[in-house]
Amino acid sequence: MKEIVPSPPPLVRNDAAAVQALFQQNVVPSYGRFDIVLSHGSGIYVYDIAGRRYLDLGGGIAVNSLGHANPAITEALVEQSRKLIHSSNYYYHEPQGRLAQALVSLIGPGKCFFCNSGVEANEGLFKLARKFGHDEGRFEVITTINSFHGRTLAGIAATGQEKVKKGFEPQVPGFRQVPYNDLTAMRAALSPATAAILIEGIQCEGVILPATPDYLFGLRQLCDEKKLLLLMDEVQCGHFRTGRFQSFQRILEGVPGGEKFLPDGISMAKSLGGGFPIGAFWVRAPYADVLGAGSHGSTYGGSPLACAVALKILDVIQREKLAENVRQVGAYFKSGLEQLAQKYPGVIQTVRGLGLMVGIELTPNIPNLPGDSSKTQAVRFVNLLHAAGMLAIPAGAQIMRFLPPLNLRQSEAEEGLKLIESVVAKLQ
Ligand SMILES: Cc1ncc(COP(=O)(O)O)c(C=O)c1O
């Protein structure tokens, strides 16, 4: 038989340089990548192709909710792939219906739409806002400075960071940013064209900054008063990362009236699929049918395979009481970092976080920090962590984020703290 597609040239195994050369020649260089070529993982550990082991406290940027190669995820993938991988959204299937039911029962009365990523979930919310305001000529979504909402054109227009917008002008119209946790600024920013407000429950791109209870209550009141949708991006801070399903539930825990609080729309992704791509948004009951038949869609959205994985992850989180684990191990890890900040103030300036979303801010101008001085302190520090055998996520020029799996054990957190101290002690 005639070969139509030539087979690719063989790759030299265990040769990092060969893999990197494939990227340099064939992959769009839109990411700044670290000098690590990964091969496989197991639980909290991930291995490079030379067999070097890393404690992965980056969690694939809050995605690997059950760690690497979790057998429950493999089982769900295998079982569902034997039945039905994809069907299109012309038809009904049980996994999507059950996943929507599970998310609704974890949030509140409403309905869900499924897609494939965080930014696609946010795009759905933007369309919801436009449809909601359409007949009154309202289309604008007010977001916040330092927010992050994804990389599509509307995603970068919504994002409150100049660096992600630069070079892609003109911006999609209808987005403006105001300071976070500032109700007065939000109220002042509203115009007759405003249809919605979108905030992250916790701003994740700087040192982790949660919304205050007063801000959440105030925004709810403002939206009710002005007939606006209150939208929340829980892509990174949701899915039990704080010890409750959504971050606002954790922030408002124990606050009078907190259990009654609900936004009108919530975007989700990342930990929802534990590494299998899936995104979703939930919309509160009164607005659940605003996006009617034919108004929105996504070919792969809510495929049987993706939904089976997400359902299995929810099942494991419940069975293994991982929400409680997040609180306990998260508090242990954070307090360990705080002790390091006290011991090494010349290196760690602040520690912030909730559950297993913890950030450290480095002290500016650490004199002994090795590495290319054209790179940020955060990148240089992460390189040192890599050399010590740990993965973490840089989140700004001076900031590091740890977003480990929800099943992180205390012993693994302890191992992480020792690795971090081994790096920090040399810089003090
Ligand atoms: C808060 C937040 N929103 C949206 C996104 C975009 O998600 P995705 O990269 O899956 O499109 C991210 C990704 O980091 C995020 O952290």
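## The four-stranded sheet

Strand E2 (residues 45–48) and strand E3 (residues 53–56) pair in the antiparallel sense, with three bridges between them. Among the facing residues of this predicted model, Tyr45 stands opposite Leu55 in E3, Val46 has Tyr54 as its bridge partner in E3, and Tyr47 stands opposite Arg53 in that strand. E2 and E3 form a hairpin with four residues between them. In that turn, Gly51 has a positive phi of about 95°.

E2 also pairs with E1, again in the antiparallel sense, over four bridges. Here Ser42 has Tyr45 in E2 as its bridge partner; Tyr45 is also the residue that stands opposite Leu55 in E3. E1 and E2 form a hairpin with two residues between them, and Gly43 in the turn has a positive phi of about 60°. E3, for its part, is joined to E15 by two bridges, and these two strands run parallel. Asp56 has Leu391 in E15 as its bridge partner.

Taken together, the four strands form an open sheet in the order E1-E2-E3-E15, with mixed pairing. Strand E1 (38–42) and strand E15 (390–391) stand at the edges with a single partner strand each, so one side of each is left without a neighbour in the sheet. Helix H14 (residues 410–427) lies across E2, E3 and E15 and runs at about 110° to E3.

## The seven-stranded sheet

A further open sheet has seven strands in the order E4-E12-E11-E10-E7-E5-E6, and its pairing is mixed. Its edge strands are strand E4 (110–115) and strand E6 (175–178), each of which pairs on one side only. On average, neighbouring strands of this sheet are turned by 20° against each other, direction ignored.

Within this sheet, strand E5 (residues 140–144) and strand E7 (residues 194–200) run parallel and are joined by three bridges. Glu140 stands opposite Thr194 in E7. Helix H9 (residues 213–226) packs on the sheet, where H9 touches E5, E7, strand E10 (229–233) and E12. The direction of H9 makes about 165° with that of E7. Helix H4 (residues 94–107) lies across E4, strand E11 (265–268) and strand E12 (279–284), and runs at about 130° to E4. E12 is thus a strand touched by H9 and also a strand crossed by H4.

## The ligand site

The residues around the ligand are Ser117, Gly118, Val119, Asn122, Phe148, His149, Gly150, Glu200, Asp233, Val235, Gln236 and Lys270. By class, this shell divides into three nonpolar, six polar and three charged residues. Helix H5 (residues 118–133) gives the most to the shell, with three residues. The seven-stranded sheet is represented as well: Glu200 belongs to the shell and lies within the range of E7 (residues 194–200), while Asp233, also in the shell, lies within the range of E10 (229–233).

Several polar atoms of the protein can be paired with atoms of the ligand. A polar side-chain atom of Asp233 lies 2.7 Å from a nitrogen atom of the ligand. A nitrogen atom of the ligand is also 3.3 Å from a polar backbone atom of Phe148. For Lys270, a polar side-chain atom lies 3.1 Å from an oxygen atom of the ligand. Taken alone, the ligand exposes 390 Å², of which the protein buries 81%.

## Backbone features in the loops

Most residues other than glycine have a negative phi, and most peptide bonds are trans. Two places in the loops depart from these patterns. The peptide bond from Glu169 to Pro170 is cis, with omega near 0°. Pro170 is placed in the loop between helix H7 (162–165) and E6, and E6 is an edge strand of the seven-stranded sheet.

His239 has a phi near 55°, a positive value in a residue other than glycine. The place of His239 is in the loop between E10 and helix H10 (247–251). E10 is one of the strands touched by helix H9.

Technical notes. Residues numbered from 1 in each chain as written. Predicted model: local features only at pLDDT ≥ 70, side-chain atom pairs only at ≥ 80, totals over all residues. Heavy atoms only, no water. Pairing = 2+ DSSP bridges. Axes fitted to C-alpha atoms, helices over the stretch in contact; angles between N-to-C directions. Contact = heavy atoms within 4.5 Å. Near = heavy atom within 4 Å. Polar contact = N/O pair within 3.5 Å; in protein donor to acceptor, adjacent residues only side chain to side chain. Areas by Shrake-Rupley, 256 points an atom, 1.4 Å probe, with all protein chains shown as cover. Nonpolar A, V, L, I, M, F, W, Y, C, P; charged D, E, K, R; others polar.
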